[in-house]
Amino acid sequence: MRQIKEALRLRFVCERSQSEIARTIGASKATVWEYLDRARRAQLSYEHASAMDDAALETLLFPPAPPSNRERPKPDWPTVHRELGRKGVTLDLLWNEYKAQEPEEGRPAKSALSKARVTWDVSSTAPSSLPRQRTLTGCPS
């Protein structure tokens, strides 16, 4: 939370750009943008943020996701694994097809790789070793 408070101080007190803030606090520009956007959406000024304790600031800027009252069916992992073996099929493509069939209500989609890593039990559906996908530098994939 100290990093967020410092980003807010640099932006609103010192009037620094997001690039300067990113360099100063050692974070990416995207992270700085996210911090400032969350503060803007929460209508949070630097004065209020500096007066808050870390737990209250975290709760304000990073509220817990609303509970979902429906359980999405799990993908058929053997089919996913088989489809990934086909030419031109990517995990991102399969994820987008799955999301189209089972959209989450009111929630943005997570990235395909992070979602698959969380839910795909590789040990039960994939062979013991998977070949690595190789690309040549400078060649389109």
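**Helices of a predicted chain**

The chain has nine helices and zero strands, where helices are DSSP runs of H or I with at least four residues and strands are E runs of at least two, numbered from the N terminus. This is a predicted model, in which local features need pLDDT of at least 70, side-chain atom pairs count only at pLDDT 80 or more, and totals for chains, interfaces and linings use all residues. Residues are numbered from 1 along each chain as its sequence is written, and side-chain values use heavy atoms, with hydrogens and water left out.

Visitor: At roughly what angle do the axes of H1 and H3 cross?
Guide: Axes are lines fitted to C-alpha atoms, for helices over the stretch in contact, with angles running from 0 to 180 degrees between N-to-C directions. The axes of H1 (residues 2-12) and H3 (residues 29-41) come within 10 Å, and they cross at roughly 80°.

Visitor: Which residues in H3 meet H1?
Guide: Contact here means heavy atoms within 4.5 Å. From H1 the participants are Gln-3, Ile-4, Ala-7, Leu-8 and Arg-11, and in H3 they meet Tyr-35, Leu-36 and Ala-39.

Visitor: Why are the buried residues of H2 on the same side?
Guide: Buried means under 20% relative accessible area, exposed over 50% and partly exposed in between (1.4 Å probe, protein chains only). In H2 (residues 18-25) the buried residues are Ile-21, Ala-22 and Ile-25. They share one side of H2 because they cover, by the directions from the helix axis to the C-beta atoms, an arc of only 100°.

Visitor: Which exposed residues does the face of H2 turned away from its buried side carry?
Guide: The cover over the buried residues of H2 includes H1 and H3. The face turned away from that buried side carries the exposed residues Arg-23 and Thr-24.
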